[in-house]
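Let's take a friendly walk through a protein chain and see how its parts fit together. Have the sequence and the 3D view ready as you read.

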Amino acid sequence: MTASTAIGTDLGSGTARAKRGRRFLRGVLTLGGLLILPFLVLLRGSMWLYLSGGFSTWGAVAGGAGLALVAVVVLGAWVSKRLTGRARVRFVAKWIALPLVVVYVGHTLLYFSAVNAKTDAVRSYYTSMHPLLRVAVATLVLVDGDVVVTDMARDPADYRRMGLPTADWSMHYRQADGWVHAMDLRTIGRSGIRNFLTGAYFRALGFRVLRHVGTADHLHVSLPLPGASGTQ
């Protein structure tokens, strides 16, 4: 084999490896996007229905879950088609998509790990928080297990105890709909990038996010009331 032939062979194999690498990367990104899609549809869909669609709290949650169900059915049918040659939509919907969505949404609404709450007292207020906040923070925990909620529900006495003015407009109070519309997330001990990404996640979904330094540095995340402006 001549030198030029060897060089050509090396270049060819290098090009082939590069192509395989690009195909692998595209496959990973495609798979990641498909797996994220149901969560994105659930979260963003329910937020849009609540803030802009005129849906009630539970109507928005149910609507978002329904959209996520459709996304899972489409994804499952596509995988089934690729593997078996048949989409099997009814089977996927009944035995895979529906149980997954119902169990996941129910879990996020009812359970929050003690690891992700500052204290047991904070955790005890979890079900008093608006369902859309619960679904959003529980989903974040799937990819960032170090998230810590430092506060949820408050009353005027809590503000006086912290030496802060009583905030009549606070979204930490139960609102007219019966839910607490705000929570605080720990920033201390977390990198600036992680805090930035956490804030970006909630903002992308439609929540309001502020960096507060009252009693301790934290991210204040609140769910606006439909049609309201300026309240945190």
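## A salt bridge with partly exposed partners

Arg 211 has a relative accessibility of 48%, so it counts as partly exposed. Asp 217 also falls in the partly exposed class, because its relative accessibility is 25%. The side chains of these two residues, Arg 211 and Asp 217, come together in a salt bridge, with 2.7 Å from N to O. Keep in mind as you look around that this is a predicted model.

## A network of charged residues

Salt bridges that share partners also tie Asp 144, Asp 146, Arg 190 and Arg 194 into one network. One link in this network is the salt bridge between the side chains of Arg 190 and Asp 144, at 2.6 Å from N to O. Where do these two residues sit along the chain? Arg 190 belongs to the loop between strand 2 (182-186) and helix 7 (192-205), while Asp 144 belongs to the loop between helix 5 (131-143) and strand 1 (149-151), so the pair ties together parts that are 46 residues apart in sequence. Both Arg 190 and Asp 144 are buried.

Asp 146 and Arg 194 make a salt bridge too, and their closest N and O atoms are 3.3 Å apart. This pair links distant parts of the chain as well: Asp 146 is in the loop between helix 5 and strand 1, Arg 194 is in helix 7, and the two are 48 residues apart. Arg 194 has a relative accessibility of 32%, so it counts as partly exposed. Counting through the model gives four salt bridges.

## The nonpolar core

How many residues make up the largest nonpolar core? It has 41 residues, and those with the most contacts inside it are Val 137, Met 183, Phe 202 and Phe 207. Several elements each supply at least two residues of this core: helix 1 (3-51), helix 2 (57-84), helix 3 (89-110), helix 5, strand 2, helix 7 and strand 4 (218-222). Helix 5 provides the largest share of the core, eight residues.

Val 137 is a good residue to click on. If you set aside its neighbours within four places in sequence, Val 137 is in contact with Phe 112, Tyr 126, Met 129, Val 147, Val 149, Met 183 and Phe 202.

## Helix 7 and its two sides

Helix 7 has 14 residues and spans 20 Å from its first C-alpha to its last, close to the 20 Å expected at 1.5 Å a residue. Which residues of helix 7 are buried? They are Asn 195, Thr 198, Gly 199, Phe 202 and Leu 205. Looking down the axis of helix 7, you will find its buried residues within an arc of 130°, so they line one face of the helix.

On the other side of helix 7, the exposed residues are Gly 192, Ile 193, Phe 196, Leu 197 and Ala 204. After helix 7 comes Gly 206, which has a positive phi near 115°.

## Aromatic pairs

A pair of aromatic rings is described by two things: the distance of the centres and the angle of the planes. This model has five aromatic pairs. One of them joins Trp 58 and Trp 179 edge-to-face, with 5.9 Å centre to centre and 80° between the planes. Trp 58 lies in helix 2, whereas Trp 179 lies in the loop between helix 6 (156-161) and strand 2, so to speak of distant parts of the chain is fair, as the two are 121 residues apart.Trp 58 is partly exposed, with a relative accessible area of 45%, whereas Trp 179 counts as buried at 16% relative accessibility.

Another pair is formed by Tyr 201 and Phe 202: their ring centres are 4.9 Å apart and their planes stand at 75°, so the pair is edge-to-face. Phe 202 counts as buried, because its relative accessibility is 0%. Ring pairs link Tyr 201, Phe 202 and Phe 207 into a cluster.

## The whole chain

Now step back and view the chain from end to end. The chain has seven helices and four strands, and from the N terminus on its elements run α-α-α-α-α-β-α-β-α-β-β. Of the 232 residues in the chain, 38% are buried. Among contacts between residues at least 6 apart in sequence, 61% join residues at least 24 apart.

Notes: Residues are numbered from 1 along each chain as its sequence is written. This is a predicted model: local features need pLDDT of at least 70, side-chain atom pairs count only at pLDDT 80 or more; totals for chains, interfaces and linings use all residues. Side-chain values use heavy atoms; hydrogens and water are left out. Buried means under 20% relative accessible area, exposed over 50%, partly exposed in between (1.4 Å probe, protein chains only). A nonpolar core is a set of buried Ala, Val, Leu, Ile, Met, Phe, Trp, Tyr and Cys residues joined through side-chain atoms within 4.5 Å. Contact means heavy atoms within 4.5 Å. The expected span of a helix is 1.5 Å times one less than its number of residues. The arc is that of the directions from the helix axis to the C-beta atoms. Rings of Phe, Tyr and Trp (its six-membered ring) pair if their centres lie within 6.5 Å; planes under 30 degrees apart count as stacked, over 60 as edge-to-face and the rest as tilted.
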